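User: Please take a close look at the empty space inside this structure and at what surrounds it. I would be grateful for one connected explanation suited to a first-year student.

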Amino acid sequence: MPKPSGYLALRYEAPEYESVDEDCPYRFEKNTRAQLTRAADCGVRLDYPQMDGAIYLTYRPVDGNLNSLLVDAQKLTYEHVVKADNIAEQQFVDESNQVYGMLYEVSGNAASQLQFYLTDSVNHFLTGSVYFDARPNYDSILPAAHYLNQDVKHLMERFRWK
């Protein structure tokens, strides 16, 4: 009697978060399972070794160049349109803390499943992206992509400019 096909079931523990307050003009909360690596100019890499994935954060000061920073962030996202099945946009507004941004969820075999940016529209601009150290196969990385999607949303909701 043939056995039924089996499917890989990836399950991740519920996230716990801790505050990250570096010597940079922003602070946020990260998953305690993520390993933080500081980069030059207040950039950050959050590695998730159990998923072979990472969230990259890049900071840029706004110096009359907000439009070009916005265009660059959107252009980076839409470079994935060649391999993407869909790119869903979700606007983010936290007026009380002056944090504004956009979240792009990319579905399909694109290199990055998630891109976002945050700004105060005057002084600060931060871009973020999620990448996996694996060949893009949307069905295979979907559980990890959903998990990191929740971490990015938490990061955006708890993000503060100094």
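Analyst: In this predicted model, one cavity of 30 Å³ or more is found. The volume of this largest cavity is about 40 Å³. Rolling a probe the size of a water molecule over the atoms shows where empty space is left.

Which residues line the largest cavity? They are Ala-73, Leu-76, Thr-77, Tyr-104, Gln-115, Phe-116, Tyr-117, Thr-127 and Gly-128. Two or more lining residues come from each of the elements α1 (66-78), β8 (112-119) and β9 (124-132). By character, the lining of the largest cavity consists of five nonpolar and four polar residues, with no charged ones.

Two of the lining residues, Tyr-104 and Tyr-117, deserve a further look. A pair of aromatic rings is described by the distance of the centres and the angle of the planes. For Tyr-104 and Tyr-117, the ring centres lie 6.5 Å apart and the planes stand at 40 degrees; the pair is therefore tilted, since planes under 30 degrees apart would count as stacked and those over 60 as edge-to-face. Tyr-104 belongs to strand β7 and Tyr-117 to strand β8, and 13 residues separate them along the chain. Are these two residues buried or exposed? Tyr-104 has a relative accessible area of 2% and is therefore buried; Tyr-117, at 9%, is buried as well, because the cut-off for this class is under 20%.

The structure as a whole contains eight aromatic pairs. Another of them joins Tyr-12 and Tyr-147, whose ring centres are 5.3 Å apart and whose planes meet at 50 degrees, so this pair is also tilted. Tyr-12 lies in the segment before β1 (17-20) and Tyr-147 in helix α2, 135 residues apart. Tyr-147 is buried, with a relative accessible area of 11%, whereas Tyr-12 is partly exposed at 26%. In addition, one aromatic cluster is formed by Tyr-26, Phe-28, Tyr-59, Phe-159 and Trp-161.

Helix α2 also takes part in the surroundings of the largest pocket, giving five residues, the largest share of its lining. This pocket holds about 160 Å³ of space. Its lining includes Glu-105, Gln-113, Tyr-138 and His-146. Besides α2 (138-158), the elements β6 (84-94), β7 (99-108) and β8 each give two or more residues to the lining of the pocket. The pocket lining divides into six nonpolar, five polar and one charged residue.

How values were computed:
Residues numbered from 1 in each chain as written. Predicted model: local features only at pLDDT ≥ 70, side-chain atom pairs only at ≥ 80, totals over all residues. Heavy atoms only, no water. 1 Å grid on protein atoms, 1.4 Å probe; cavity = no way out; pocket = protein on both sides within 12 Å on 5 of 7 lines; lining within 4 Å. Points joined across faces, edges and corners; volume = space filled by probe spheres on them. Helix = DSSP H or I, 4+ residues; strand = E, 2+ residues; numbered from the N terminus. Nonpolar A, V, L, I, M, F, W, Y, C, P; charged D, E, K, R; others polar. Phe/Tyr/Trp six-rings, centres within 6.5 Å; stacked < 30°, edge-to-face > 60°. Buried < 20%, exposed > 50% of the residue type's maximum accessible area, 1.4 Å probe, protein only.
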